[in-house]
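Trainee: Got a minute to go through this one with me?
Mentor: Sure. Put it up and ask away.

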Amino acid sequence: MPIINIAVTGKPDPALSQRLGSEVTALTKAHLRKDPTVTAVAVNYVDPRHWFAGGKSLAAQNANTFWLDIKVVDGTNTKQELSDYIERVFAALSEILGKMHNESYVLVHEVPAPAYGYGGKTQEFRFVSGRLQAAA
């Protein structure tokens with residue numbers, strides 16, 4: 001159920017987008033226990049001449065970078081799980097993109113269940129409905 005946005009330096013490449021989406025979905029399942037059938041990933045590309053770290057473009061530094069932004073329901077993951085996820089995402093994207101600048105980011109937003117959902121239903125609704133079904 002998470003929505004994941006990834007911005008990477010480079011030119012749009014469908015094969016690379018597929019690889020990034022598949023890898024991040026697998027890591028999200030493995031480390032955050034999120035169902036891949038309801039995980040959404042959007043990949044965006046930024047020309048490295050327009051992405052700056054330390055005041056210099058990534059093109060000038062001959063490096064790549066990324067920003068991964070994921071939203072999950074608060075309280076569904078431990079600090080260790082979040083830490084492991086951030087570490088593994090950095091390692092995987094470094095391998096895929098190569099020449100990774102250290103100023104590459106993973107941001108996990110933990111949002112309240114009543115304020116987050118998909119298909120027109122909040123995660124709080126899904127939780128309560130599941131509990132009611134189990135009790136019936």
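**Sheet and pocket**

Mentor: Four strands make an open sheet, ordered β2-β1-β5-β6, with mixed pairing. Bear in mind that this is a predicted model.

Trainee: Which are the edge strands?

Mentor: β2 (40-46) and β6 (105-111). Each of them pairs on one side only.

Trainee: And by how many degrees are neighbouring strands turned against each other?

Mentor: 15 degrees on average, ignoring direction.

Trainee: Back to β6. How many bridges join β5 to β6, and do they run parallel or antiparallel?

Mentor: Seven bridges, and the two strands run parallel. One pair to look at: K71 has H109 in β6 as its bridge partner.

Trainee: What holds paired strands together, in general?

Mentor: Backbone hydrogen bonds, in parallel or antiparallel pairing.

Trainee: Now helices. Which strands does α1 lie across?

Mentor: Helix α1, residues 14-32, lies across β1 (3-9), β2 and β5. Against β2, α1 runs at about 135 degrees.

Trainee: Switching to pockets. What volume does the largest pocket have?

Mentor: About 270 Å³. There are 14 lining residues, and M1, K34, V73, T76 and Q123 are the closest to the centre.

Trainee: Which elements give two or more residues to that lining?

Mentor: β5 (66-73) and α4 (123-135). The largest share is from α4, with three residues.

Trainee: How do the lining residues divide into nonpolar, polar and charged?

Mentor: Eight are nonpolar, two polar and four charged.

Key:
Residues are numbered from 1 along each chain as its sequence is written. This is a predicted model: local features need pLDDT of at least 70, side-chain atom pairs count only at pLDDT 80 or more; totals for chains, interfaces and linings use all residues. Side-chain values use heavy atoms; hydrogens and water are left out. On a 1 Å grid over the protein atoms alone, a cavity is a set of points where a 1.4 Å probe fits but cannot get out, and a pocket is an open set with protein on both sides within 12 Å along at least five of seven lines; lining residues have an atom within 4 Å of a point. Grid points are joined across faces, edges and corners, and a volume is the space filled by probe spheres set on the points. Ala, Val, Leu, Ile, Met, Phe, Trp, Tyr, Cys and Pro count as nonpolar, Asp, Glu, Lys and Arg as charged, and the others, Gly among them, as polar. Two strands pair if DSSP finds at least two bridges between them. Axes are lines fitted to C-alpha atoms, for helices over the stretch in contact, and angles run from 0 to 180 degrees between N-to-C directions. Contact means heavy atoms within 4.5 Å.
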